[in-house]
Amino acid sequence: MIVKFGFVAMSLLLQNASPSRTMTYSNFIKQPDRAAAIRRLEQIAEQNLHTTLRIMKHAAAHDIRLYRFTSKIIPLATHSDLSDWDPYPALADSFSAVGEFVQKSDMRVSFHPDHFCVFSTPRPEVLASSQRDLDYHVRMLEAMGLSETVKNNIHIGGAYGNKLESGDRFVRQFTALPPRLRQRVTLENDDKTFNVCETLEAAEAANVPMVLDIHHHDVNDGGIAREQLVNQYWPRILNTWEKEAIRLGLASPGALPPKIHASSPRSDTDRRSHADGVEAKPLLRFLRDIAASTGRVDCMLEAKHKDAALLKLMEDWQRLEALGEGVRVIDGGSIEITP
DNA sequence: ACCTGTCAAGTCTGG
DNA sequence: CCAGACTTGACAGGT
């Protein structure tokens, strides 16, 4: 099994490389010249796209071919007071440049709209803003010229005192979305509410691939033992990806590898928060468990130290390889789990 | 140069 | 019913 590793949103190794520069709304409305303020927002976005390109070039130089964009590329993009603003024409070239690099370097990318994107909500106004938020992310992918293999990963949302009903409401409201939005989504189990089983059922009903977060499962396992996760649920999770590959008409079902998220708990007393790095040993245990049934998997690291954590993990793989632990380091961003 | 409170958005908990 | 927690990097305003 080949495992590709990636990191999220920003680099700690590059200097002056925030891809999430912004302008607060309070600062925006303070500007005397609204047109100039909008130009400033577009400049910031252009700069964020340029930095994003820098980060991806840095990743590619380290053989890292998995990256998640920050959601904060265009400041105030979905703010209700700026609904008359269309930033995309001014940013067309910058978005294209990012998209071209993604394709040229065979980078697998994604977005992760944050917790304001909640399709399980019972409130119509929240549903509307969730759709606006998802639309914003999809438009960015379209502006990059990227195909529907490139997804926005989201969670189901709140339970509102009745998880079953809220899961159903998610599926109902999600499937009512325009295909253009629906077909750009993956669903991930969360750390508090919707566990692997519940998320998988929603993903199957909504007809979208599921991203498995191992750390979320550890802190919100819904009583599912590791063995059950591996034998019972992982094959079904794999199946959601194979179905999507077929729907997209890809050459082989394995053309769209499943995605997992990995992170380590901050401490014994705070097991939910992310630690600076990712521990190799527990991750290896999981990877070994799925290796027999899985050809490839893409593993997103969610660690405070971002790309630095990834580089550190790769060093750990090298040590484990030397110890004969069934790991072979292929390059700076991928390993093979050998039987 | 450095520090601290705040930030557009949602949901849940506890008082 | 409302304030605060959650979680997070960056801004904004102060020293």
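In this predicted model, DNA strand B is surrounded by 15 residues, and the closest of them are Tyr 25, Thr 121, Arg 123, Ala 159 and Tyr 160. Sorted by class, the surface near DNA strand B comes out at seven nonpolar residues, seven polar ones and just one charged. On the DNA side, 57% of the atoms of strand B within 4 Å of the protein belong to sugar or phosphate, and the rest belong to bases.

A few polar contacts give this surface some detail. Arg 123 puts a polar side-chain atom 2.9 Å from a phosphate oxygen of DNA strand B. Ala 159 works through its backbone instead: one of its backbone N or O atoms lies 2.7 Å from a phosphate oxygen of DNA strand B. A base is reached as well, with an N or O atom in the side chain of Thr 78 sitting 3.2 Å from a base nitrogen of DNA strand B.

Next comes DNA strand C. The residues around DNA strand C are Met 10, Ser 18, Ser 20, Arg 21, Thr 22, Thr 24, Asn 27, Lys 30, Arg 272, Lys 304 and Lys 306. By class, this surface holds one nonpolar, five polar and five charged residues. Here the bases stay out of the picture: of the atoms of DNA strand C within 4 Å of the protein, 100% belong to sugar or phosphate.

Three of the charged side chains make polar contacts with phosphate oxygens of DNA strand C. For Lys 30, a side-chain N or O atom is 2.4 Å from a phosphate oxygen of the strand. For Arg 21, the gap between a polar side-chain atom and a phosphate oxygen is 2.7 Å. For Arg 272, the corresponding distance from a polar side-chain atom to a phosphate oxygen of DNA strand C is 3.5 Å.

Now for the open space in the protein. The largest pocket holds about 950 Å³ of space. It is lined by 32 residues, and those closest to its centre are Arg 68, His 112, Asp 114, His 115 and His 155. The lining of this pocket is a mix, made up of nine nonpolar, twelve polar and eleven charged residues.

There is enclosed space too, since a search of the whole structure turns up two cavities of 30 Å³ or more. The largest cavity has a volume of about 60 Å³. Its lining consists of Arg 68, Ser 110, Phe 111, Lys 151, Asn 153, Thr 186, Val 211, Lys 259, His 261 and Met 300. Strand 3 (108–111), strand 4 (151–154) and strand 7 (259–262) are the elements that each give two or more residues to that lining. Split by class, the lining of the largest cavity has three nonpolar, four polar and three charged residues.

The second largest cavity has a volume of about 30 Å³. Around it are Arg 108, Val 109, Thr 149, Lys 151, Thr 186, Trp 241 and Lys 259. That lining divides into two nonpolar, two polar and three charged residues.

Val 211, part of the lining of the largest cavity, leads on to strand 6 (residues 210–213). Met 210 and Leu 212 point one way from this strand, while Val 211 and Asp 213 point the other way, and all of them are buried. Strand 6 runs parallel to strand 5 (residues 185–188), and two bridges join the pair. In one of the pairings, Glu 188 has Val 211 of strand 6 as its bridge partner.

Further along the chain, strand 9 (residues 327–331) and strand 10 (residues 334–337) pair in the antiparallel sense over four bridges. These two strands form a hairpin, with two residues between them. Within the pairing, Val 329 stands opposite Ile 335 in strand 10.

Finally, there is Arg 288, which has its place in helix 10 (residues 280–291). Arg 288 counts as partly exposed because its relative accessibility is 38%, and the range for that class runs between 20% and 50%. Although Arg 288 and Thr 338 are 50 residues apart along the chain, their C-alpha atoms are separated by 8.4 Å.

Key: Residues are numbered from 1 along each chain as its sequence is written. Chains are lettered from A and ligands numbered from 1 in the order in which they are written. This is a predicted model: local features need pLDDT of at least 70, side-chain atom pairs count only at pLDDT 80 or more; totals for chains, interfaces and linings use all residues. Side-chain values use heavy atoms; hydrogens and water are left out. On a 1 Å grid over the protein atoms alone, a cavity is a set of points where a 1.4 Å probe fits but cannot get out, and a pocket is an open set with protein on both sides within 12 Å along at least five of seven lines; lining residues have an atom within 4 Å of a point. Grid points are joined across faces, edges and corners, and a volume is the space filled by probe spheres set on the points. Ala, Val, Leu, Ile, Met, Phe, Trp, Tyr, Cys and Pro count as nonpolar, Asp, Glu, Lys and Arg as charged, and the others, Gly among them, as polar. A residue is near a molecule or strand if one of its heavy atoms lies within 4 Å of it. A polar contact is a pair of N or O atoms within 3.5 Å; within protein, one must be able to donate a hydrogen and the other to accept it, and residues adjacent in sequence count only if both atoms are side-chain atoms. Buried means under 20% relative accessible area, exposed over 50%, partly exposed in between (1.4 Å probe, protein chains only). Two strands pair if DSSP finds at least two bridges between them.
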